Amino acid sequence: MFEMQRPDARGGRTSDQPGTLPGGEPSAGATEDNDFLRAFKRFLDRDNESPAEQAAQRTPFGDELSEFLGADAAALPVVVEDFASYRIVDADLALEELAGRGDAQLIGVAGGSAHAHAGLAELITSAHMRFRSGPAEYAEKATGPSTTRQVVSFGARLFTYLGEPVVVMQRAARGDMGRPQGQLEVLAASAPLVSQLLSEVRSLMVERSVLRGKVLTFENSDYRMDAGASFLERPNVADTDVILPSGVLDSVIAHVVEIGKQREALLAAGQHLKRGVLLYGPPGTGKTLTVRHLLSRTEGVTAVLLTGSSIQYI
């Protein structure tokens, strides 16, 4: 290697290469630095090597599900059904009814918060976590303006459906973990059975819905990922409290309330029930009070109040 040197102040020659002595010999400090750099490079090379993939193994939780199903749970497909976050009570009621038709178990997953980030397939087989069963998790959810219900927010329901064992993992929405919707994960040996089960769950969620007959409004969730439903008290406004020109309130009531009373006859005659009333006028003319009176007269009828940006959720 060619090395340029220059005379030192005493007429000798010195090296331009840092860390070397006259004559090109490395200094003791340079040798130590080079040894450290070579060792550090070897460490980085080993660290960057792709380790051999660790084989995923069935977890104790997966073993428990396999024993219940009478089949290897790791070999069965997981079918996922998402639903709006505010329908968790409806889903809980539907699954409780299905599971209540026979013997059923409800189990959760132990081991801290790691299970909340794992899907059902990952809870059954994992290369790193040995998930075990534990207690189910619950959340308090509104069922009306002043009523609540404890629902399963994370838990697996093990029950028999049409004579076959099934597993349904029930999860509430977790906006803080990037999951804006509720979710059901279904595991069974028969794919048609899973489809039939989910179809009945959807039907029961409509039939048993706690939203039915209530006054609702929709608004952004805490994490602005999904709309949330809120229950409102049904107002109590008498017709004598509404001051309108003669005959106007009676006409509105006939078009809204009376049409609703005749819905079965109208449907039987092939008529639709879609009717609308547009109230307009300057502030203070009774528009809001008229609506509140209509809500008072329609106890048991579902009503949705929308204002401003909440219209986007319809």
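Val-256 is partly exposed, with a relative accessible area of 35%. That value lies between the 20% that bounds buried residues and the 50% that bounds exposed ones, so neither word fits. The model is predicted. Val-256 sits in helix H6. Leaving aside residues up to four places away in sequence, Val-256 touches Val-277 and Leu-294. Arg-275 is another residue to find here. Val-256 and Arg-275 are 19 residues apart in sequence, yet their C-alpha atoms are 7.3 Å apart in space.

Now follow the helix itself. H6 covers residues 248-261. How far apart are its end C-alpha atoms? They are 20 Å apart. The 14 residues, at 1.5 Å a residue, should span 20 Å, so the model agrees with the expected span. H6 also bends, by about 35° at Ala-254. Four residues of the helix are buried: Leu-249, Val-252, Ile-253 and Val-257. What covers them includes helix H8, residues 287-297.

Next, step back to the whole chain. It has 314 residues, and 32% of them count as buried. Its secondary structure comes to eight helices and 14 strands. Take the contacts with a separation of 6 or more: 63% of them join residues 24 or more positions apart. The accessible surface comes to about 19,100 Å². Carbon and sulfur atoms hold 52% of that surface.

Two of the strands make a hairpin. Strand S8 spans residues 137-142, and strand S9 spans residues 148-161. They run antiparallel, joined by six bridges. Five residues link S8 to S9 in the hairpin. Within the pair, Tyr-138 stands opposite Val-152 in S9.

S9 leads on to the interior. Nonpolar side chains tend to be buried together in soluble globular proteins. In this chain, the largest nonpolar core has 28 residues. Which of them touch the most other members? They are Leu-98, Phe-159, Tyr-161, Val-166, Val-168, Leu-197 and Val-201. Several elements each supply at least two residues of this core: helix H3 (88-99), S9, strand S10 (164-171), strand S11 (182-187) and helix H5 (191-207). Apart from this core lies another, of 18 residues. Its members include Ala-73, Leu-76, Leu-158 and Leu-187.

Val-168 is a good residue to stop at. Residues up to four places away in sequence are again not counted. Among its contacts are Leu-95, Phe-159, Leu-184, Val-186 and Leu-197. Val-168 also touches Gly-155, Ala-156, Arg-157 and Glu-185.

A loop comes next. His-115 lies between strand S5 (104-110) and helix H4 (120-124). Is His-115 buried or exposed? His-115 counts as buried, because its relative accessibility is 4% and the cut-off for buried is under 20%. Its contacts, not counting residues up to four places away in sequence, are Val-109, Leu-123, Phe-131, Glu-137, Phe-154 and Arg-171.

The tour ends with Thr-307, in the segment after strand S14 (303-305). Thr-307 counts as exposed, because its relative accessibility is 61% and exposed means over 50%. Thr-217 is 90 residues away from Thr-307 in sequence. In space, their C-alpha atoms are 8.6 Å apart.

Key: Residues numbered from 1 in each chain as written. Predicted model: local features only at pLDDT ≥ 70, side-chain atom pairs only at ≥ 80, totals over all residues. Heavy atoms only, no water. Expected span 1.5 Å × (residues − 1). Bend = angle between axes of the 7 residues up to and from the residue. Buried < 20%, exposed > 50% of the residue type's maximum accessible area, 1.4 Å probe, protein only. Contact = heavy atoms within 4.5 Å. Pairing = 2+ DSSP bridges. Areas by Shrake-Rupley, 256 points an atom, 1.4 Å probe, with all protein chains shown as cover. Core = buried A, V, L, I, M, F, W, Y, C linked by side-chain atoms within 4.5 Å.
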